[in-house]
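This report looks at a ligand site and at the empty spaces around and inside a protein. The sequence and the structure come next, and the text then moves from the ligand to the pockets and to the cavities.

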Amino acid sequence: MRRVAVVGGDGIGPEVIRSALLVLDSVGFAADMVPLDVGFARWRRTGTALAQEDLETMRRCNCILFGAITTPPDPAYRSVLLRIRKDLDLYANIRPFHSSRIDLVIVRENTEGLYSGIEEIGQEEARTVRVITRAGSRRIAAAACQLASRRRRLTIVHKSNVLKSDTLFLETCREEARAAGVSHDDMLVDAAAYNLVLRPERFDVMVTTNLFGDILSDEMAGVLGSLGLCSSANLGERHALFEPIHGSAPDIAGRGVANPVGAVRSAAMMLEWFGLSEESRLVEAAVQSCLAKGMVTPDLGGSCTTEQATACICQAISRGLP
Ligand code: IPM
Ligand code: MG
């Protein structure tokens, strides 16, 4: 039996994960769902956001379906999501962006770069070490090449005109792309940010380092119209975590208006990962049909509640769309 650890988390996390679970039910997805209470709310209650045994439970599951977790501005608090990514070595963060005009995937390195956690924080000076390794660059490039070989082209996004660490990233990605026979080019990250707004259709698969991928993916969500639409897969060799790219949005939590699409699409990515491609396609088709009908939440200018948007998707699935 498949086992999925389910982390609703904080803010709108539990609301959108509830939607994802309803949609998974409606495509007949069968798995042992293991709910885990981790995050900021638990930290406030018990002083622990994520215990070692939670990580053990996650490791015993096939994968994790994750909502969102609030990170408080407290220097003693370590981001739960970053700990899970690091601990389970989920090195490839795959973020697809799709609309009538756009079809691109950002492949973000997920364990090193400016997220190394190596910091010296003084009163007058603070440093964060940006770690780029050949091994880390090679494996993210390999993941991106695998994706690009089934599509059109790879663009390596970097800042090697300033950061010497990115010369290593760029060269390693180029080597990997050449070896894989993948057609590729490269672009400085500032130019990539500009072109993503002006000419997003120019891009297919983009591979980049951790922080650049973080920023460019929120930018792309903005180009599409809402963070609430976008999903991601955090993949390692043995484990995987699927999550919407939005945060816990405490300002709208509990009001029943969160956009469930990012979480539902994350569930679709999970179905694909389990090899359930038909089911995954059905979920995506149902999402697109509801978006086209204007059955959307306020972030997209609509007036649907989370429940109504979810019901629309589930009904489209039970009618066997498209
Ligand atoms: C994301 C988020 C995280 C990140 C935060 C919550 C640590 O912004 O998944 O994009 O920076 O990676
Ligand atoms: Mg982000």
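How far is an oxygen atom of ligand 1 from an N or O atom in the side chain of Y115? In this predicted model, the distance between an oxygen atom of ligand 1 and an N or O atom of the Y115 side chain is 2.6 Å. The protein covers 74% of the 320 Å² of accessible area that ligand 1 has on its own. Two arginines make contacts of this kind as well: a polar side-chain atom of R95 lies 2.8 Å from an oxygen atom of the ligand, and for an N or O atom in the side chain of R108 the distance to a ligand oxygen is 2.7 Å.

## The shell around ligand 1

The residues around ligand 1 are S79, L81, L82, R85, R95, R108, Y115, D214 and E243. By class, this shell divides into three nonpolar residues, one polar residue and five charged residues. Helix 4, which spans residues 80-87, gives the most to the shell, with three residues. Because domain 1 (1-90 + 236-322) and domain 2 (92-222) both give residues to the shell, ligand 1 lies between the two domains.

## The two pockets

The largest pocket has a volume of about 1000 Å³, and 32 residues line it, of which I94, P96, L147, M269 and E272 lie nearest its centre. Several elements each supply at least two residues of this lining, namely strand 4 (92-98), strand 5 (103-109), helix 5 (134-149), strand 11 (231-235), helix 9 (261-273) and helix 10 (277-292). Domain 1 and domain 2 both give residues to the lining, so the largest pocket lies between them.

The second largest pocket holds about 590 Å³ of space. Its lining is made of 20 residues, and those closest to its centre are R78, L82, Y115, G117 and E119. Two or more residues come from each of helix 4, strand 6 (119-121) and helix 8 (210-224), and the largest share, four residues, comes from helix 4. L82 and Y115 are also among the residues around ligand 1. Since both domain 1 and domain 2 contribute to its lining, the second largest pocket, too, lies between them.

## The cavities

The structure holds three cavities of 30 Å³ or more, and the largest cavity contains about 60 Å³ of space. Its lining consists of N259, P260, V261, V287, C290, L291, M295, V296, T297, L300, A309 and I313. Helix 10 and helix 11 (306-318) are the elements that give two or more residues to this lining, and helix 10 gives the most, with three residues.

## Classes of the lining residues

The table sets out the residue classes for the linings of the two pockets and of the largest cavity.

| Space | Nonpolar | Polar | Charged |
|---|---|---|---|
| Largest pocket | 18 residues | six residues | eight residues |
| Second largest pocket | seven residues | seven residues | six residues |
| Largest cavity | ten residues | two residues | no residues |

Read row by row, the lining of the largest pocket includes eight charged residues beside 18 nonpolar ones, the lining of the second largest pocket has seven nonpolar and seven polar residues, and the lining of the largest cavity has no charged residue.

Definitions and conventions. Residues are numbered from 1 along each chain as its sequence is written. Chains are lettered from A and ligands numbered from 1 in the order in which they are written. This is a predicted model: local features need pLDDT of at least 70, side-chain atom pairs count only at pLDDT 80 or more; totals for chains, interfaces and linings use all residues. Side-chain values use heavy atoms; hydrogens and water are left out. A residue is near a molecule or strand if one of its heavy atoms lies within 4 Å of it. A polar contact is a pair of N or O atoms within 3.5 Å; within protein, one must be able to donate a hydrogen and the other to accept it, and residues adjacent in sequence count only if both atoms are side-chain atoms. Accessible areas come from the Shrake-Rupley method with a 1.4 Å probe; for residues, only the protein chains shown count as cover. Ala, Val, Leu, Ile, Met, Phe, Trp, Tyr, Cys and Pro count as nonpolar, Asp, Glu, Lys and Arg as charged, and the others, Gly among them, as polar. Domain bounds come from an automatic or database domain assignment. On a 1 Å grid over the protein atoms alone, a cavity is a set of points where a 1.4 Å probe fits but cannot get out, and a pocket is an open set with protein on both sides within 12 Å along at least five of seven lines; lining residues have an atom within 4 Å of a point. Grid points are joined across faces, edges and corners, and a volume is the space filled by probe spheres set on the points.
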